[in-house]
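Here are a few short exercises to work through with the model open beside you. Try each task before reading its solution.

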Amino acid sequence: MSTLLSIEEPAAAPPRPRPQWRAFTEMGFRPLYLAGCFWALASVLLWVHAPARLTGVLNGMFWHAHEMLWGFVATIAVGFLLTAGANWTGKNPLRGTPLAILCAVWIVARAGYLVPGRPAFVVAAAADLLFFLWAAGALGRAVAVTRNQRNYGIPFLLLGLAATNALYLWASVQGDYYALMRYFNAGLLCMAVLTLLIARRVIPFFAKRAVAGLDIPPHTRSGHWQLG
C-alpha cells in the first residue's frame, strides 16, 4: 500500500543567540548613538526640571550650550564618522575594547561637568578632549593607511571640534563671555562644514537608490573649496 501522507513533528527551533557585547562595540554608531540620545533626554530633563543641580565649574547657560554642541551633536557626528569611515576606507577605525574605552571616556566627561569643584572639571575637560582627539586620530589613521585622499580633511574637522572645545572651556573658566561666544560659534562652524560635506554624499547616495533613474551629482570639488 502506498503512503498517502507523511506527518512529522516539526524540528525544534534553534535557540536564539544571546546578545553579544562584541557585536555592540563592532561599529561606532551603536554605542555612541545610544549614549548620545540618552544624554540628550537626560540633559534636557536636568536643564528644565533641576537647573539648581548644575553646580559644577561649567554651570548654567555655559553648561547647556557646551553639552548641546559637544556633548550631543558632535558625539553623534563622531559615531557616524567612525562607522562611515569603515565604509570609506575598508578599515574599521575603532572597534571592540578601544571603542568601549572611548565611550567610557565620554561618560567620564559628561559626569565630571556635573560634579562641583575644580578637580572634577579638569578631569572632565581632559576626558572630553581625549574623546575628540582619539576619534580624530583613529579616523585619520584609517584614512592615511588606505590613502583615502577624498577624506583627508575630515579628521581635521574633528580636531577643529577638539580645539574649539578646549578654547570654550578655557574661556568659561576665565569668565570671558565674548571669547566664549566666539569659540562656541567657531565650534558651530566646524560642525556645520562637517555636516555639509557629509550631506553632499549621503543625500545623493540614498536618493539615487530610492528613485530609479535619478542622478544627483555630489559636487565633490566645490566641497573641497567649502572645506578650505
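A disulfide here is a pair of cysteine sulfur atoms within 2.5 Å. Keep in mind that this is a predicted model.

**Exercise 1. Cysteines**

Task: Work out how many disulfides the structure holds, and why Cys-103 has no bond to its closest cysteine sulfur.

Solution:
- Start with the count: the structure holds 0 disulfides.
- Now take Cys-103. The closest cysteine sulfur belongs to Cys-37 and sits 13 Å away, so the two are too far apart for a bond.
- Next, check the surroundings. Buried means under 20% relative accessible area. Cys-103, with 12%, is therefore buried.
- Cys-190 comes out at 16%, so Cys-190 is buried as well.

**Exercise 2. The largest pocket**

Task: Find the largest pocket and say which residues lie nearest its centre, and which element gives the most to its lining.

Solution:
- Begin with the space itself: the volume of the largest pocket is about 400 Å³.
- Count the lining next. There are 18 residues, and those nearest the centre are Trp-88, Arg-201, Val-202, Phe-205 and Phe-206.
- Then sort by element. α2 (29-49), α3 (60-89) and α7 (177-210) each give two or more residues to this lining.
- Of the elements, α7 contributes the most, with 9 residues.
- Finish with the chemistry: the lining of the largest pocket splits into 11 nonpolar, 2 polar and 5 charged residues.

**Exercise 3. The second largest pocket**

Task: Do the same for the second largest pocket: which residues line it, and how do they divide into nonpolar, polar and charged?

Solution:
- The space in the second largest pocket is about 150 Å³.
- Its lining is made up of Ile-76, Ala-77, Phe-80, Leu-81, Met-191, Leu-194, Thr-195, Ile-198 and Ala-199.
- The elements giving two or more residues to that lining are α3 and α7.
- α7 again gives the most, here with 5 residues.
- By type, the lining of the second largest pocket has 8 nonpolar residues, 1 polar and no charged.

**Exercise 4. A helix and what follows**

Task: Check the span of helix α5 against the expected value, then say what the phi of Arg-147 is.

Solution:
- Helix α5 covers residues 118-145, which is 28 residues.
- At 1.5 Å a residue, the expected span is 40 Å.
- From first C-alpha to last, α5 reaches 40 Å, close to that expectation.
- Now step past the helix: Arg-147 follows α5 and has a positive phi, near 55°.

Terms used. Residues are numbered from 1 along each chain as its sequence is written. This is a predicted model: local features need pLDDT of at least 70, side-chain atom pairs count only at pLDDT 80 or more; totals for chains, interfaces and linings use all residues. Side-chain values use heavy atoms; hydrogens and water are left out. On a 1 Å grid over the protein atoms alone, a cavity is a set of points where a 1.4 Å probe fits but cannot get out, and a pocket is an open set with protein on both sides within 12 Å along at least five of seven lines; lining residues have an atom within 4 Å of a point. Grid points are joined across faces, edges and corners, and a volume is the space filled by probe spheres set on the points. Helices (H or I, at least four residues) and strands (E, at least two) are DSSP runs, numbered from the N terminus. Ala, Val, Leu, Ile, Met, Phe, Trp, Tyr, Cys and Pro count as nonpolar, Asp, Glu, Lys and Arg as charged, and the others, Gly among them, as polar. The expected span of a helix is 1.5 Å times one less than its number of residues. Buried means under 20% relative accessible area, exposed over 50%, partly exposed in between (1.4 Å probe, protein chains only).
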